[in-house]
Amino acid sequence: MTQTYHTVGIGAGPANLSLAAMYGVLAPHEIALFESRDQPGWHDGMLHSGVRMQTGWVKDLVSLYDPTHPLSFLNYLVTTGRVYALLGAGFDTIPRIEYQQYLGWAAAQLPNIVYGTRIDRVDFDGELVSRSGDVAVARSRHLVLGTGTVPFLPHFLAALDPRHVFVADELHHRLSTVADEPDAPWIVMGSGQTSAECVAALLARGVRDIRWIGRRSWFAPLEDSPSANDLYRPAYQEAFLNLSRDVRERLVSGQILTSDGISPGTLRGIYQHNYEERLRTGRFPVTIMPSRTVTAARQLDGEIELECLTAGSGEERHRAVHLVVAAGRQQAPLPFDEELAALVDIDERGQPVIESDYSIRWKHADQHKIFVLNRGRYVQGLVDSNLSILPVRSAMVLNSIAGRVVCPFRDEFVSTRWA
Ligand SMILES: Cc1cc2nc3c(=O)[nH]c(=O)nc-3n(C[C@H](O)[C@H](O)[C@H](O)COP(=O)(O)OP(=O)(O)OC[C@H]3O[C@@H](n4cnc5c(N)ncnc54)[C@H](O)[C@@H]3O)c2cc1C
C-alpha cells in the first residue's frame with residue numbers, strides 16, 4: 001500500500017536533510033525523503049584529493065538554528081572520535097569529503113529516507129502523489145523539492161564524442177579510465193571553482209598541457225570579506241525580500257563572486273605548481289586564458305577544436321584531445337505532471353512564482369504547500385544557492401507548514417542599514 005506522510009521531500013541533499021533533521025518540531029507529523037542515488041552521497045564526482053569546503057563547518061545542517069541538535073557537525077566529530085585529529089590538522093576549511101561523510105552520518109540517523117527511488121512525476125488528486133515510474137511511492141499533504149542542480153552542457157558540445165568531452169562531475173571517474181598520456185592536451189572550460197578544481201586535479205595527475213579557458217575577464221577569487229558575509233545572514237535576506245524583482249536580479253549579478261568565485265587556496269595551488277614546473281621543465285603546464293567565450297566546437301581526427309571569441313572581439317581556435325566542461329549548473333527539472341503544472345502560477349520568465357517562504361504559488365496552496373529549495377536566488381538571494389544558512393531556510397519552511405512560528409530564529413547585532 002502507498003504510504004502517506006505529512007510531507008514528502010524529493011532529493012536527500014543537504015537542503016532536504018536539514019529540513020528532515022528539524023522536522024521533529026512538527027511531531028507526530030513525519031517527513032519522508034526519496035532519493036534517486038542508491039546511497040548517501042554529495043557531489044561525489046567532484047571529490048578530488050585536496051578539495052575543500054567554501055563554507056565553515058559551523059554552517060552544518062542544524063547548528064545555526066539549534067547548536068544542541070544531535071545532528072550537529074560538532075557532535076559528528078566527537079561521536080566518531082575524530083575531533084582532536086581534525087582540530088590538530090589545522091584546516092582553514094574542512095575537506096569536502098568530510099562534509100560528505102558528515103551528511104552520510106546524519107542521514108543514517110534520520111527515519112524515512114528511501115534511496116534508489118527517483119521521483120519522475122508528481123500529481124494531485126486531493127493529495128500530492130509522488131511516482132517513481134508508474135508506481136505511486138508516497139502520498140502527502142505537502143511537498144518539498146530539494147532536487148538541486150545538474151551540470152550545464154552547452155548545446156554545441158552535446159554532439160561531440162563523449163569519451164573525450166565530458167562535464168566536470170565525471171572527471172574523477174574518467175581519470176581512472178583515460179590513458180596515462182601526460183603530454184596529451186586538455187582544455188578545461190569554465191571560470192568558477194569547479195573549473196579550478198579540475199585544473200588542479202589534472203595537474204595532480206601529471207598532465208602537462210592544459211588550457212584553462214574562461215569567460216570571466218580574470219579567474220576571480222571568492223569574495224569572503226566581512227561585508228560579503230553580511231549578505232549571507234537572515235537580516236539581509238529580510239531586506240532583500242522587500243525589493244522588486246528587477247532590483248534583486250541586478251544585486252545578485254553584482255554579488256556573484258561572493259558565491260561563485262574561486263577559493264584563493266585553490267588558485268594559489270595552481271599558480272605555485274605552474275611556477276615550479278616552469279623552473280623544473282622550462283614550460284608552464286597550465287596556460288591561463290580568461291576573457292574567452294567559447295562559441296562553437298567540432299570533432300576533428302582524434303581532437304576537439306573550440307572556437308572562441310576574445311574580449312577584444314578577436315577569434316581564436318584551440319585544440320585538445322580531452323575537454324572538461326565546467327560551464328555552470330542548472331536547476332533539475334520540476335517533476336510535475338501536466339495537470340499539476342497547469343495549476344502552478346508562472347512568472348514572465350516561465351518559472352513558478354516563488355513566495356518568500358519558499359513555497360510556490362498554485363491553486364491549492366492554502367491547504368497543500370509545495371516548497372522549492374535552491375531555486376530562488378532571485379527571490380531569496382544568493383544565500384538560497386548555498387549552505388550558509390540552511391537551518392534558517394528549514395525553519396522558514398517549517399513555520400510556513402505549521403502556519404505559526406514553531407522555529408523562531410534571531411539575527412541581531414546588525415550594523416549595516418540596507419536600503
Ligand atoms: C562541487 C560543489 C561544491 C559545493 N561546495 C559548496 C560549499 O562548500 N559551500 C556552499 O555553501 N555551497 C557549495 N555548493 C553549492 C550548494 O550548496 C550545493 O550544490 C548543495 O549540495 C545544494 O544542496 P541541495 O540539497 O539543494 O542539492 P543537491 O546537493 O544537488 O541534492 C539534490 C539531491 O536530489 C536528488 N534528486 C534530484 N532529482 C531527483 C528526483 N527526481 N528524485 C529523487 N531524487 C532526486 C539528487 O540525486 C541529489 O542527491 C557546492 C556545489 C558544488 C557543485
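**Exercise 1. Which residues does serine 259 touch, leaving out residues up to four places away in sequence?**

*Solution.* Serine 259 touches Gln54, Leu222, Tyr232, Leu382 and Asn386. The model used here is predicted. Next, place the residue: serine 259 sits in helix α10, residues 257-260. Then classify it. Its relative accessible area is 14%. The cut-off for buried is under 20%. Serine 259 is therefore buried.

**Exercise 2. Describe the interface between domain 1 and domain 2.**

*Solution.* Start with the bounds. The domain assignment gives 3-148 + 332-402 for domain 1 and 162-222 + 261-329 for domain 2. Their C-alpha centres lie 32 Å apart.

Now count contacts. Nine residues of domain 1 are in contact with 13 residues of domain 2.

Turn to area. The size of an interface is often given as the accessible area lost when the parts come together. Here the buried area is about 840 Å². Carbon and sulfur atoms give 53% of that area. On the domain 1 side, Met46, His48 and Gln54 supply 64% of the area buried against domain 2, more than any other three residues. Gln54 also appears among the residues that serine 259 touches.

**Exercise 3. How many salt bridges and polar-contact pairs are counted between domain 1 and domain 2?**

*Solution.* Take salt bridges: the count between the two domains is one. Check the pair arginine 96 and glutamate 197. Arginine 96 falls within the 3-148 segment of domain 1, and glutamate 197 within the 162-222 segment of domain 2. Their side chains meet in a salt bridge, at 2.8 Å from N to O. The cut-off is 4 Å.

Take polar contacts: four residue pairs qualify, both residues at pLDDT 80 or more. Finish with composition. The side of domain 1 that touches domain 2 has three nonpolar, four polar and two charged residues.

**Exercise 4. Which residues of helix α1 are buried, and what covers them?**

*Solution.* Helix α1 spans residues 14-22 and is mostly covered, with nine of its nine residues buried. By name, they are Pro14, Ala15, Asn16, Leu17, Ser18, Leu19, Ala20, Ala21 and Met22. Now list the cover. Among the strands are β1 (3-10), β2 (31-34), β3 (113-114) and β6 (135-145). The helices include α4 (96-108) and α13 (390-402).

**Exercise 5. Which residues of helix α8 are buried, and what do they pack against?**

*Solution.* Helix α8 covers residues 234-241. Its buried residues are Pro234, Ala235, Tyr236, Gln237 and Phe240. These pack against α9 (245-254) and α13. Helix α13 also helps cover the buried residues of α1.

Key:
Residues numbered from 1 in each chain as written. Predicted model: local features only at pLDDT ≥ 70, side-chain atom pairs only at ≥ 80, totals over all residues. Heavy atoms only, no water. Helix = DSSP H or I, 4+ residues; strand = E, 2+ residues; numbered from the N terminus. Buried < 20%, exposed > 50% of the residue type's maximum accessible area, 1.4 Å probe, protein only. Contact = heavy atoms within 4.5 Å. Domains from an automatic or database assignment. Buried area = accessible area lost by both parts, 1.4 Å probe. Polar contact = N/O pair within 3.5 Å; in protein donor to acceptor, adjacent residues only side chain to side chain. Nonpolar A, V, L, I, M, F, W, Y, C, P; charged D, E, K, R; others polar.
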